[in-house]
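Okay, thanks everyone. I'd like to spend a few minutes on side-chain contacts, charges to begin with and rings after that.

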Amino acid sequence: MTTNSLTSTRGNQHLFDSENKRLDLEIAQEEIYKFFIEIAKKWEPDDVLREFKRLFLDFSDFSDVGSSNSLTKIYSFFLEGKEEDFHHTIKRCCYILINNWETNRKHKYIQELVNLLTQSKALINSSYSSRINIYKGWLEKFVNSEDYEQLKLFAFRNYEEQTNTNWVKRYSSYLLIAQSLDSNNSREEQQASIKLARQLKDKFKFDLAMYIARSQSMASSKNRYKNPSILGDNALNLIKAIVVKKGIFSYDNIANIFVKQTQHLTLKEFKESLQKYLIFSVQQPKFVATLKQQLSEKLNAWKIEQDEEVINKDLVLRTCNKVIDYLTIENGSEPSSLFVLLLSQGHPLTLVIVLLKIILISKNSRNHLESRIAHIIRYYNNYSEEDCKWLIYFIEIFNITFTIYAENVEYNLVKLKEPKQASELQENLEDYHVFSQLKVHGKK
């Protein structure tokens with residue numbers, strides 16, 4: 001056998017051994033997941049937490065990790081593994097438990113799980129073996145990771161908990177949507193994220209409807225329902241200003257007309273029509289000028305090679321998603337210059353309405369939009385609430401506007417007294433009450 005062939009054989013053997021170790025680890029991980037799925041269904045939550053702690057966090061009787069009796073301990077599976085394997089395993093086990101307890105409304109145990117991990121941070125001790133300290137270091141890094149921060153979202157379930165913490169927690173539903181769309185996350189994490197995001201949205205929707213109803217009732221003026229937004233009494237006037245756009249020029253009707261009129265256009269024609277649609281009826285000249293200039297430069301240059309193709313659902317979705325990127329977080333890491341510029345001009349409601357108009361013609365773009373909002377929130381995560389007032393105001397308006405127009409609740413203005421002339425409508429919103437009702441299935 002030649003030297004080259006011997007080297008090749010050794011290389012192949014090393015590759016074979018590595019593949020076998022990887023396969024053994026994956027089999028072991030699946031056994032761990034199956035075990036937690038089973039005990040989550042059969043055991044009491046307190047017992048499950050104790051077992052989780054024993055397997056992942058306790059080292060009191062951890063003997064020589066190379067001996068046979070160590071095979072009963074979970075860390076033996078990572079003797080030849082990497083930190084990322086441990087990280088992924090503990091994370092998925094957490095979401096298996098969260099999914100089960102969420103389904104069975106055992107929410108307090110999710111909080112206890114999150115706290116259990118926090119209590120295990122400072123574990124490294126010079127008296128332990130180097131191998132044990134390696135694992136403890138992995139655990140501490142996990143507790144300080146973004147994945148752990150995402151786990152903590154499941155411990156903040158109601159408005160009071162959210163508002164008493166970092167301002168970012170108030171907007172957990174957007175962060176959860178982004179988690180649910182990340183293909184790198186386990187199916188348990190995706191399922192748990194989308195479920196809790198929907199619950200948070202439904203709670204905001206219900207609280208907003210109740211606040212509107214009771215804040216306009218003289219009988220309940222002394223015991224007003226809690227405002228789910230942080231806009232104070234301005235929220236009610238904002239809602240009236242949004243709802244007032246009804247009738248033939250409502251956002252819904254204009255969107256339906258646009259969809260019908262653009263069905264057979266080429267991509268180039270669609271991009272041009274889309275820009276006109278987005279600025280239609282916008283009253284702020286500076287906003288319109290900025291949007292027309294910067295958006296046209298970017299959008300007209302996008303997919304030039306497909307400009308002569310007739311649009312289909314896929315092209316419409318991709319085009320709308322691309323416009324959302326231009327208007328929010330274009331490069332995937334920091335807010336777009338257009339987003340910052342438009343908000344710096346002081347028209348957050350106008351930008352929100354432009355984003356709403358996109359969703360009304362491309363409903364499947366909503367998750368994409370909300371994930372982009374999540375990226376913006378994460379970007380400003382370490383900024384103080386004081387520094388982010390402009391962004392928070394935008395998100396609050398976004399929340400209310402999309403609750404009014406993109407959910408299954410219909411809001412209407414009802415006149416309490418007839419205005420003397422049509423021009424008084426905007427000036428006398430105090431003369432109107434807002435009423436909400438569930439939309440009838442299949443109707444608006």
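So, Glu-30: with a relative accessibility of 39%, this residue counts as partly exposed. Keep in mind that we're looking at a predicted model. Who is the partner of Glu-30 in a salt bridge? That's Arg-92, with N to O at 3.9 Å. Glu-30 belongs to helix 1, residues 3-42, and Arg-92 to helix 3, residues 83-103, so this bridge ties together parts of the chain that are 62 residues apart in sequence. And is Arg-92 buried or exposed? Its relative accessibility is 10%, and the cut-off for buried is under 20%, so Arg-92 counts as buried.

Arg-92 has something else going on, too. This arginine lies over the face of Tyr-33, 4.4 Å from the ring centre. So on one side chain you've got a salt bridge to Glu-30 and a ring contact with Tyr-33.

Let's stay on helix 1 for a moment. Lys-42 and Glu-38 form a salt bridge there, 3.4 Å from N to O. These two are four residues apart, about one turn of the helix. Lys-42 is exposed, at 63% relative accessible area, while Glu-38 counts as partly exposed at 42%.

You'll find that kind of spacing again in helix 14, residues 313-327, where Asp-314 and Arg-318 sit four residues apart, about one helical turn. They make a salt bridge as well, with the closest N and O atoms 3.5 Å apart. Asp-314 has 42% relative accessibility and counts as partly exposed; Arg-318, at 30%, is partly exposed too.

Now back to Glu-30 and Arg-92, please. Through salt bridges that share partners, these two join up with Arg-187 and Glu-188 in one network. How many salt bridges are there in the whole model? The count comes to 23.

Right, on to the rings. There are 23 aromatic pairs in the structure. Take Tyr-251 and Tyr-405: their ring centres are 5.4 Å apart and their planes are at 70 degrees, so we call that pair edge-to-face. Have a look at where they come from, because this is a link between distant parts of the chain: Tyr-251 is in helix 11, residues 251-261, Tyr-405 is in helix 18, residues 389-405, and the two are 154 residues apart. As for accessibility, Tyr-251 is at 13%, which counts as buried, and Tyr-405 is buried at 5%.

What sort of pair do Phe-258 and Tyr-277 make? Here the centres are 4.5 Å apart and the planes are at 20 degrees, so this pair is stacked. Phe-258 sits in helix 11, Tyr-277 in helix 12, residues 267-279, and they're 19 residues apart. Both Phe-258 and Tyr-277 are buried.

Tyr-277 also has a charge over its ring: the charged end of Lys-357 sits there, 5.2 Å from the centre. So when you click on Tyr-277, check for Phe-258 stacked against it and for Lys-357 over the ring.

One last thing to colour on your screens. There's an aromatic cluster made up of Tyr-174, Phe-339, Tyr-379, Tyr-380, Tyr-383, Trp-390, Phe-394, Phe-398 and Phe-402.

That's my tour. Happy to go back to any of these if you'd like another look.

How values were computed: Residues are numbered from 1 along each chain as its sequence is written. This is a predicted model: local features need pLDDT of at least 70, side-chain atom pairs count only at pLDDT 80 or more; totals for chains, interfaces and linings use all residues. Side-chain values use heavy atoms; hydrogens and water are left out. Rings of Phe, Tyr and Trp (its six-membered ring) pair if their centres lie within 6.5 Å; planes under 30 degrees apart count as stacked, over 60 as edge-to-face and the rest as tilted. Buried means under 20% relative accessible area, exposed over 50%, partly exposed in between (1.4 Å probe, protein chains only). A charge sits over a ring if NZ of Lys or CZ of Arg is within 6 Å of the ring centre and within 35 degrees of the ring normal. A salt bridge is a side-chain nitrogen of Lys or Arg within 4 Å of a carboxyl oxygen of Asp or Glu.
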